[in-house]
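Please read the following report alongside the sequence and the 3D view, which are shown next.

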Amino acid sequence: IESLKASLANRKLEEFKRIGHQLKGNAASFGHLDLEKIAINLEAAGQRLDFTDAQRQLQLFEQWLERQRSLQ
């Protein structure tokens, strides 16, 4: 999350896209299909250079992580 935030702050959406891509593969490998969908959208926002959507997708990722933490 911190790397995604930093890439947005530095306006480096190519890095944002790369992180989303990596997260997509890892989420799928561990069977987190809901996180995989978020990661696909993170990657797509980076690909489109859409800062607004990138921020929205990052918020969804943070919300997902909070839900996971509350389940523990």
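How many residues does helix α2 have, and how far does it reach from its first C-alpha to its last? Helix α2, residues 13-29, has 17 residues and reaches 24 Å between those two atoms, close to the 24 Å expected at 1.5 Å a residue. The expected span is 1.5 Å times one less than the number of residues in the helix, and helices are DSSP runs (H or I, at least four residues) numbered from the N terminus.

The model is a predicted one, in which local features need pLDDT of at least 70 and side-chain atom pairs count only at pLDDT 80 or more, while totals for chains, interfaces and linings use all residues. Residues are numbered from 1 along each chain as its sequence is written, and side-chain values use heavy atoms, with hydrogens and water left out.

**Helix α2**

Within α2, the residues L13, F16, K17, I19, G20, L23 and A27 are buried, where buried means under 20% relative accessible area, exposed means over 50%, and partly exposed is in between (1.4 Å probe, protein chains only). Seen down the axis of α2, these buried residues fall within an arc of 165°, so they line one face of the helix; the arc is that of the directions from the helix axis to the C-beta atoms. An α-helix has 3.6 residues a turn, so residues three or four places apart point the same way. On the other side of α2, E14 and S29 are exposed. The cover over the buried residues of α2 includes α1 (2-9), α3 (33-48) and α4 (51-71), with contact meaning heavy atoms within 4.5 Å. After α2 comes G31, which has a positive phi near 80°.

**Helix α4**

The 21 residues of α4 should span 30 Å at 1.5 Å a residue, and its end C-alpha atoms are 31 Å apart, which agrees. Buried residues of α4 are D53, A54, Q57, L58, F61 and W64. They cover an arc of only 140° around the axis, which puts them on the same side of α4, and they pack against α1, α2 and α3. The face turned away from this buried side carries the exposed residues T52 and S70. At the N-terminal end of α4, D50 acts as a cap, with a side-chain oxygen 3.2 Å from the backbone nitrogen of T52.

**The nonpolar core**

Which residues touch the most other members of the largest nonpolar core? Among its 16 residues, they are L4, F16, L35, L42 and F61; a nonpolar core is a set of buried Ala, Val, Leu, Ile, Met, Phe, Trp, Tyr and Cys residues joined through side-chain atoms within 4.5 Å. The elements α1, α2, α3 and α4 each give two or more residues to this core. Leaving aside neighbours within four places in sequence, L4 is in contact with F16, I19, L42, L58 and F61.

**Individual residues**

The table places five residues by element and relative accessibility.

| Residue | Place | Relative accessibility |
|---|---|---|
| R11 | loop between α1 and α2 | 58%, exposed |
| E43 | helix α3 | 17%, buried |
| G46 | helix α3 | 2%, buried |
| L49 | loop between α3 and α4 | 57%, exposed |
| D53 | helix α4 | 8%, buried |

The two loop residues have positive phi values although neither is a glycine: phi is near 55° in R11 and near 60° in L49.

For the buried residues in the table, the contacts below leave aside neighbours within four places in sequence. With that exclusion, E43 is in contact with K17, G20, H21 and K24, whereas G46, again without those neighbours, is in contact with L13, F16 and K17. G46 and K5 are 41 residues apart in sequence and 12 Å apart in space, C-alpha to C-alpha.

In α4, D53 is in contact with N41, A45 and R48, once neighbours within four places in sequence are left aside. The side chains of D53 and R48 make a polar contact at 2.6 Å, a term that stands for a pair of N or O atoms within 3.5 Å; within protein, one must be able to donate a hydrogen and the other to accept it, and residues adjacent in sequence count only if both atoms are side-chain atoms.
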